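These entries record what I looked up in the structure, beginning with how two helices are oriented and going on to the interface, the core and single elements.

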Amino acid sequence: MSNKYTEDDLREELKTKEYEYGFYTDIESETFPVGLNEDIVRAISKKKEEPEWMTQWRLEAFKIWKEMIEPEWANVHYEKPDFQAISYYSAPNSKPKYDSIDEVDPELLATFEKLGISLDEQKKLAGVAMDVVVDSVSVATTFKKTLAEKGIIFMSISEAIQEHPELVKKYIGTVVPQKDNFYAALNSAVFSDGSFCYIPKGVRCPMELSTYFRINQAGTGQFERTLVIADEGSYVSYLEGCTAPSRDENQLHAAVVELIALDDAEIKYSTVQNWYPGNAEGKGGVYNFVTKRGLCETNAKISWTQVETGSAVTWKYPSCVLKGDNSVGEFYSIAVTNNYQQADTGTKMIHLGKNTKSTIISKGISAGKSQNSYRGLVQISSRAENARNFSQCDSLLMGNDCGAHTFPYIEVKNKSAQIEHEATTSKIGEDQIFYCNQRGIDTEKAIALIVNGFSKEVLNKLPMEFAVEAQKLLEISLEGSVG
Amino acid sequence: MLKIKNLHASVEDKAILRGIDLEVKPGEVHAIMGPNGSGKSTLASVVAGKEEYEVDKGEISLDGEDIEELSAEERAHKGVFMSFQYPVEIPGVSVTNFMKTAINETRKAKGLDDMPANEMLKMIREKSELLEIDRKFLSRSLNEGFSGGEKKRNEIFQMAMLEPKLAILDETDSGLDIDALRIVANGVNKLKSKDNAVIVITHYQRLLDYIVPDYVHVLYDGRIVKSGTKELAHELEEKGYDWIKEEVNA
């Protein structure tokens, strides 16, 4: 490539901007200076060798973002990030953080142990240099071969922009437009990387697609962008995240996930989110402001399943636009908050087509001094004949200092709609604990049992292996929550 | 087996038990009767180790070992079982899963591995047959939507599975019709042996027609004010509790 943008070019460019930024950053570190302006957006795009249309798309998003203000309607309180104090590009860290596992925080390793993660995986997750990676390499290779045979594309979004620009161009921003909301606009301008997946017509993806296979190559970014396209009649189950605790210096995470299920296609999207929630006093922790939305064409189906245990502040509403007739949207969620965590999460089900159906099952578990809110919108448009929705929001409280809130919004513009909403709030009672104790089950185990029972309907929706890990994760997240 | 000496206990600084003495030997059935508010259920909870109850004075020992300092689960591991007057619901947790957890936690406390699945299944089959329990019932969420009779039968099923040394049945007859009462009582009788003991706490005599006690104690105002054989239960049935109160207050 003749117009390849080298590091030297970038260095030159940044040098000339020295005054503007007030200081000079050594580009060897692969991190951009702090602050956000058009030049930074351009530089990110160049750095990633993106085509001009992508650069323009980012710039458009940036212009929109500049005019927007950070939303305040969510039931969360936090110190707003200074968007000019963030560096918007950091190259994937290819260097291992540690030379040996002995250098890793023992607390982190103890948690890995409890989750039953193998030593090799532990090393990978903690960022320890691996001497022998034969196993994982061979697994990844077999994996890629199988996918290629079926014509499935699964790669980083940066690679996809290079290799399949027509697909990316056609679909990016069609479900979550740049102007959708403050964080989505920011993400559109500066997204660092993410995943891209395309399932061809009529293909059933033979395995659970997991970002885990890619993570080792690219590393997650602060502004991830994911695009999943299931072409007509295809099926894919996609797993995002990891039960292992993710420590990250980045305080702000603003990801965007777009799902497109064309006619008769089905996408199952499962997430386990366990970002650092801050310490027991509420210091530190990740702000997780995510926009996730799926579009269903005729007879298509999208299921979101999420287990959210991490982050200090979560703002997340995986939604479905049921555009096609007979399309189906589902949302199954478990959100756990402990200590000083705050979560405002839920879904939007937008019924546009006829005979569209949606199901919402939300389980919120609050402990410590945390606040857990369910926020959901069920919207039935005037031409959505015979639309149906069932919503169930259950909250479980532990102790007297936490809060559970439910904000269900229902907008119906078609009289044939059938909508059911059920909500319960319960508390883990001393009587329940004593009953378990009396049968020989200690308090910690009793809480795990009660919480798992409470969350069962959602845990059952997770792929088998994920479900087992998620169950353990719930136990760990609530450890020490009852004195 | 169980020895209680001069036991004083209170809840939220309110004294409820004011000097209980009781000895229960292996193979025995003791009934504890008394008017409402006399401290019967408190006695059960204190022996089982419920935290809200404060032991102010006295001793509780099981097979010669002091147990007042032990947590409820530790007492359970040593063979103390209580059938609850109001068994609690645990949604989403099946009876089978609950029992599996209880048995394996007890085994863990004794340094044993989890019970192998086939052994567990065999045990569930045997005990459910013994107590005439439909096995479909065992896959339902614990006590959720159970009728009064089902709840109590489930308590006795758990007793059968856990094979305790000492079983305390707290008002097991309350809320049961006569058929359910008979089924529950038959279950208890089938589980009785020369090595275990049962304490039946009840307000009425009728349960004692089915579970025949060796001794009957009357609890009043936190003390055992009268002890006797099953004849005493009949006398109480006929005359009520007032004459006891008068005797005590005289």
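**Entry 1. Terms for helix orientation.** I took angles under 35 degrees as roughly parallel, over 145 as roughly antiparallel, 65 to 115 as roughly perpendicular and the rest as oblique. I note at the outset that this is a predicted model.

**Entry 2. H4 and H5 of chain B.** I looked up how helix H4 (residues 117–130) of chain B lies against H5(B): their axes come within 10 Å and cross at roughly 135°. H4(B) and H5(B) are therefore oblique to each other. I recorded the crossing of this pair as right-handed. From H4(B), the residues that take part are Met123(B), Lys127(B), Ser128(B) and Leu130(B), and they meet Phe157(B), Ala160(B) and Met161(B) of H5(B). I sorted the residues of this contact by class and found 5 nonpolar, 1 polar and 1 charged.

**Entry 3. H3 and H5 of chain B.** I then turned to H3(B), whose axis comes within 11 Å of that of H5(B), with a crossing of roughly 35°. The crossing of H3(B) and H5(B) is right-handed. H3(B) contributes Val95(B), Met99(B), Ala102(B) and Ile103(B), while H5(B) contributes Asn154(B), Gln158(B), Met161(B) and Leu162(B). By class I listed 6 nonpolar residues, 2 polar and no charged in the contact of H3(B) with H5(B). Met161(B) appears in the contact with H3(B) and in the contact with H4(B).

**Entry 4. The interface.** Which elements of chain B give two or more residues to the side that touches chain A? I first noted that 21 residues of chain B are in contact with 16 residues of chain A. The elements I was seeking are helix H2 (72–77), strand E7 (90–94), helix H3 (95–109) and helix H5 (148–162) of chain B. H3(B) supplies the largest share of that side, 5 residues. I divided this side of chain B into 12 nonpolar, 6 polar and 3 charged residues.

**Entry 5. Chain A overall.** I counted 14 helices and 19 strands in chain A. Of its 483 residues, 49% are buried. Taking contacts in chain A between residues at least 6 apart in sequence, I found that 83% join residues at least 24 apart.

**Entry 6. The nonpolar core.** The largest nonpolar core has 180 residues, and I listed Ala230(A), Leu259(A), Ala261(A), Ile267(A) and Ile168(B) as those with the most contacts inside it. Helix H13 (residues 443–459) of chain A gives the most to this core, with 9 residues. I followed Ala261(A) further: beyond its neighbours within four places in sequence, its contacts include Ala230(A), Ile267(A), Leu295(A), Cys296(A) and Ile302(A). Glu266(A), Glu297(A) and Lys301(A) are also among the contacts of Ala261(A).

**Entry 7. H12 of chain A.** Which residues are buried in helix H12 (residues 430–438) of chain A? I found Ile433(A), Phe434(A), Tyr435(A), Cys436(A), Asn437(A) and Gln438(A). The buried residues of H12(A) pack against H13 of chain A and, in chain B, against helix H1 (40–48), H2 and strand E6 (80–83). Gly440(A), just after H12(A), has a positive phi of about 95°.

**Entry 8. H3 of chain A.** In helix H3 (residues 38–47) of chain A, I recorded Ile40(A), Val41(A), Ala43(A), Ile44(A) and Ser45(A) as buried. Glu49(A) follows H3(A) and has a positive phi, near 55°.

Technical notes:
Residues are numbered from 1 along each chain as its sequence is written. Chains are lettered from A and ligands numbered from 1 in the order in which they are written. This is a predicted model: local features need pLDDT of at least 70, side-chain atom pairs count only at pLDDT 80 or more; totals for chains, interfaces and linings use all residues. Two residues are in contact if their C-beta atoms, placed from the backbone, lie within 7 Å. Helices (H or I, at least four residues) and strands (E, at least two) are DSSP runs, numbered from the N terminus. Ala, Val, Leu, Ile, Met, Phe, Trp, Tyr, Cys and Pro count as nonpolar, Asp, Glu, Lys and Arg as charged, and the others, Gly among them, as polar. Axes are lines fitted to C-alpha atoms, for helices over the stretch in contact, and angles run from 0 to 180 degrees between N-to-C directions. A crossing is left-handed if the near helix is turned anticlockwise from the far one by less than a right angle, and right-handed if clockwise. A nonpolar core is a set of buried Ala, Val, Leu, Ile, Met, Phe, Trp, Tyr and Cys residues joined through C-beta atoms within 7 Å. A residue is buried if 20 or more other C-beta atoms lie within 10 Å of its own, exposed if 12 or fewer, and partly exposed in between; C-beta atoms are placed from the backbone.
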